[in-house]
Amino acid sequence: MGNSNCRNLGIPLPKGPNAVGCSDFMMDHTLGGTFFRLYYPCVADEDAERPEWIPRKEYLYGLADFMKFNRNLSEKIFNYLFGSFKIPAAMNAPYKQNGKCPVIIFSHGLGAFRTLYSAIGVELASQGFIVAAVEHRDESASATFFYEKTEEMEKWMYYRALKPGEAEFPLRNSQVKKRADECIAALERLIEINSGKKMENVLQTKFDWTTLENSMDLCRIAVMGHSFGGATVIEALSYTVLLRCGIALDAWMFPLDDEIYVRVKQPVFFINSEKFQWAGNIMRMRKLESSSTSMHRKMITIMGTVHQSFPDFTFLTGSWIGKILKLKGEIDPQVGIDLCNKASLAFLQRHLGIEKDFNQWDHLIEGKDVNLIPGTNVKEIS
């Protein structure tokens, strides 16, 4: 799909002890079916196929629509900038049997899709997690697709922009509820796969899903997401206690009902960028701290970061393009994502009861690093 414009750019390699595989799962020939990319520890194979970061040109069309750019021109530009990048994971590689893995359900942001947070997905999988990156079908993804059984044809769905004069909250509120439902549905499919139930994957990938039987530790499940996905984290936590904790990356809290905050009992970790947040949004995050479990609610801010410091775009653009498009902040992108990943791993170990050495990064949860701020840099409303 084209050539990258700089050899020094690319999605960071995972740092954990496990090689990482990935595969796509789609269940049901309807719009209501489940669709996610799974990252998992795999059998190492240096010659394995690495998947393209942008899997289909239709996703480029969706990004163009989301950004309100011309599709034909944008396809050429995006293809030039991003077309040759690969995800550092082995497509459909065999699962590596090594005890039971804790599970993470990941929710993408507005205008994104399942592959755009691969730096986070592959790192968590390399550290021993099974990660399901959901592709949402609530018209908040830039693009997604499904198959109609009667026609055996692909049907594409693109991002739905607000109509002229349309109030935003009703749309976003309905979307965040559907997103949470989709996260729970993905978890339910994983539970069925873990039980050994034979599942029909509409995509008919080469991965043998039966090898995941008894692979997951279903007592250790978390939910994680960015921006709109951060709001989805809070919504999903209110739905089920199977989700033991949540990590919200630069969460956009606007879509949530006011009454949801008292329904969330699990630990929550807000990891924010320096440049995106504002007082009203932080105030909504603080509402979670008024509950009896506030000691398990943490917030840090990564200095020098922007809202797009969490998706993969930040690693794949040069300095000047990244700054113009607000895909890069002042901090080295790999330093920023390392802080995010390490702090997340420490939080997950603390609240899932994992026996690893991630507690070496406990200080990051408290914002104790030269590149971190405990809490927020935003002047809050008293």
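This is a chat about the cores, buried helices, cysteines and a few loop residues of a predicted model.

Student: Let's start inside. Which residues of the largest nonpolar core touch the most other members?

Tutor: They are Tyr39, Trp53, Leu124, Phe129, Leu249, Ile271 and Leu348, in a core of 69 residues.

Student: And which helix gives that core its largest share?

Tutor: Helix H8, residues 333-352, with 9 residues.

Student: What does Leu249 touch, leaving out residues up to four places away in sequence?

Tutor: Its contacts are Phe106, Ile120, Met224, Gly225, His226, Ser227, Ile271, Phe310 and Cys340. Ile271 is also among the core members that touch the most others.

Student: What other core lies apart from it?

Tutor: There is another one of 53 residues, including Phe207, Trp209, Ile221 and Phe270.

Student: Is there a general reason to expect such clusters?

Tutor: Nonpolar side chains tend to be buried together in soluble globular proteins.

Student: On to helices. How many residues of H5 are buried?

Tutor: 10 of its 10 residues, which run from 228 to 237. Among them are Phe228, Thr232, Glu235 and Leu237, so the list isn't purely nonpolar by the core's own residue types.

Student: What do those buried residues pack against?

Tutor: Four strands and a helix are listed: strands E4 (101-107), E8 (216-226), E9 (245-249) and E10 (268-273), plus helix H4 (168-195).

Student: Why is H3 described as largely enclosed by the rest of the structure?

Tutor: Because 9 of the 9 residues of this helix, 118-126, are buried. Glu123 is one of them, and so are Ser118, Ile120 and Leu124. Leu124 turned up earlier, among the core residues that touch the most other members.

Student: What happens just after H3?

Tutor: Gly128 takes a positive phi there, of about 105 degrees.

Student: Which residues other than glycine have a positive phi?

Tutor: Asn92 and Asp250 are two examples. Phi of Asn92 is near 60 degrees, and that of Asp250 is near 50 degrees.

Student: Where do they sit?

Tutor: Asn92 is in the loop between strand E3 (90-91) and E4, while Asp250 is in the loop between E9 and E10.

Student: Is Asp250 buried or exposed?

Tutor: Asp250 counts as buried because its relative accessible area is 0%, and the cut-off for buried is under 20%.

Student: What about Asp138, where is that?

Tutor: Asp138 lies in the loop between strand E5 (130-134) and strand E6 (143-148). Asp138 is buried too, with a relative accessible area of 6%.

Student: Which side chain does Asp138 make a polar contact with?

Tutor: The side chain of Ser140, at 2.6 Å. Leaving out residues up to four places away in sequence, Asp138 also touches Gln175, Lys178, Arg179 and Glu182.

Student: Last topic, cysteines. How many disulfides are there?

Tutor: The count is 0. Cys42, for one, is in no disulfide, and the nearest cysteine sulfur, that of Cys22, is 8.8 Å away. The pair would have to be within 2.5 Å to count.

Student: And which cysteine has its sulfur nearest to that of Cys245?

Tutor: That is Cys219, at 13 Å, and Cys245 is in no disulfide.

Student: Are those two, Cys42 and Cys245, buried or exposed?

Tutor: Cys42 is buried, with a relative accessible area of 3%, and Cys245 is buried as well, at 0%.

Technical notes:
Residues numbered from 1 in each chain as written. Predicted model: local features only at pLDDT ≥ 70, side-chain atom pairs only at ≥ 80, totals over all residues. Heavy atoms only, no water. Core = buried A, V, L, I, M, F, W, Y, C linked by side-chain atoms within 4.5 Å. Buried < 20%, exposed > 50% of the residue type's maximum accessible area, 1.4 Å probe, protein only. Contact = heavy atoms within 4.5 Å. Polar contact = N/O pair within 3.5 Å; in protein donor to acceptor, adjacent residues only side chain to side chain.
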